[in-house]
Amino acid sequence: MNSPGVRVQAYGAQRFITKKELAMIPKSVRIAITALVVMIALDMLRGILLALMGEKLAEVAIAVTLGLLIVWGMIGGHRLAWQWGRIVGILGAIWYTFGLGVAIFFGKPAELIPLWQRFLSIIVGTVLALCLYVIFFALGRPSARQYFRLRCPSCGKFTNQAADFFFNRAKCRTCGIIW
């Protein structure tokens, strides 16, 4: 059986996800994945621009690699990708929002930075912040939590508590069951 799909690491073992399984990913998770892919594309564009200017690319390489790993985990339904998407999403969104405010109100004087560069920085920063907010809120939806198997099989409550370091198992805060 050689059906087209995507090879992912899920549930502790590498397996092949078919197109049918990909179609079962909830809209909220698809939206989060799309926002993350937009961010990765912007980081790759930034990397190209930095390379043309002769700058170091370590920061961009790390950001793109981590982003791709989170996308891979989200497609596979791994809880650790959900957790990283939520945590990095909100922290990054706050960081970009704060950074944009500081840059706009307390940055270098307008005459020292070309207008196109200021405009581009504000647009890209705003898009990145919006993508991070979208990821955070999309992964908080009940359908996303269900997809990542965060509903307790015993009491039916959602949890975000990991039972082990890599979040392969979850622990219910209400009844204490581990699954």
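Here are a few worked exercises on the structure above.

This is a predicted model, so local features need pLDDT of at least 70 and side-chain atom pairs count only at pLDDT 80 or more, while totals for chains, interfaces and linings use all residues. Residues are numbered from 1 along each chain as its sequence is written, and side-chain values use heavy atoms, with hydrogens and water left out.

**Exercise 1. Sketch the fold: how many helices and strands are there, and what pattern do they follow along the sequence?**

Step 1. Take helices (H or I, at least four residues) and strands (E, at least two) as DSSP runs, numbered from the N terminus. The protein has six helices and four strands.

Step 2. Read along the sequence, they give β-β-α-α-α-α-α-α-β-β.

**Exercise 2. Describe the largest pocket: what is its volume, and which residues lie nearest its centre?**

Step 1. Get the definition straight. On a 1 Å grid over the protein atoms alone, a pocket is an open set of points where a 1.4 Å probe fits, with protein on both sides within 12 Å along at least five of seven lines; lining residues have an atom within 4 Å of a point. Grid points are joined across faces, edges and corners, and a volume is the space filled by probe spheres set on the points.

Step 2. The largest pocket comes out at about 1600 Å³.

Step 3. Its lining has 46 residues, with Arg 46, Tyr 96, Ser 121, Val 124 and Leu 128 nearest the centre. Two or more lining residues come from each of α2 (27-52), α3 (58-76), α4 (79-106) and α5 (115-139).

Step 4. Sort the lining by class, with Ala, Val, Leu, Ile, Met, Phe, Trp, Tyr, Cys and Pro as nonpolar, Asp, Glu, Lys and Arg as charged, and the others, Gly among them, as polar. You get 31 nonpolar, nine polar and six charged residues.

**Exercise 3. Place Ile 40: is it buried or exposed, and which residues does it contact beyond its sequence neighbours?**

Step 1. Ile 40 sits in helix α2.

Step 2. Ile 40 is buried because its relative accessibility is 7% (buried is under 20% relative accessible area, exposed over 50%, partly exposed in between, with a 1.4 Å probe and protein chains only).

Step 3. Skip neighbours within four places in sequence, and Ile 40 is in contact (heavy atoms within 4.5 Å) with Val 64, Gly 67, Leu 68 and Val 71. Ile 40 and Val 71 are 31 residues apart in sequence, with 9.8 Å from C-alpha to C-alpha.

**Exercise 4. Look at the aromatic pairs: how many are there, and what is the geometry of Phe 136 with Phe 137?**

Step 1. Rings of Phe, Tyr and Trp (its six-membered ring) pair if their centres lie within 6.5 Å; planes under 30 degrees apart are stacked, over 60 edge-to-face and the rest tilted. That rule gives three aromatic pairs.

Step 2. Phe 136 and Phe 137 are edge-to-face, 5.1 Å centre to centre with 75 degrees between the planes. Phe 136 is buried at 16% relative accessibility, whereas Phe 137 is exposed at 54%.

Step 3. Phe 165 and Phe 166 also pair edge-to-face, at 5.1 Å and 80 degrees. Phe 165 is exposed at 71%, and Phe 166 is partly exposed at 48%.

**Exercise 5. Check the backbone: where do Arg 149 and Phe 167 lie?**

Step 1. Most residues other than glycine have a negative phi.

Step 2. Arg 149 has a positive phi of about 55 degrees, and lies in the loop between α6 (142-147) and β3 (161-162).

Step 3. Phe 167 has a positive phi near 60 degrees, in the loop between β3 and β4 (170-171). Phe 167 is buried at 1%, while Arg 149 is partly exposed at 24%.
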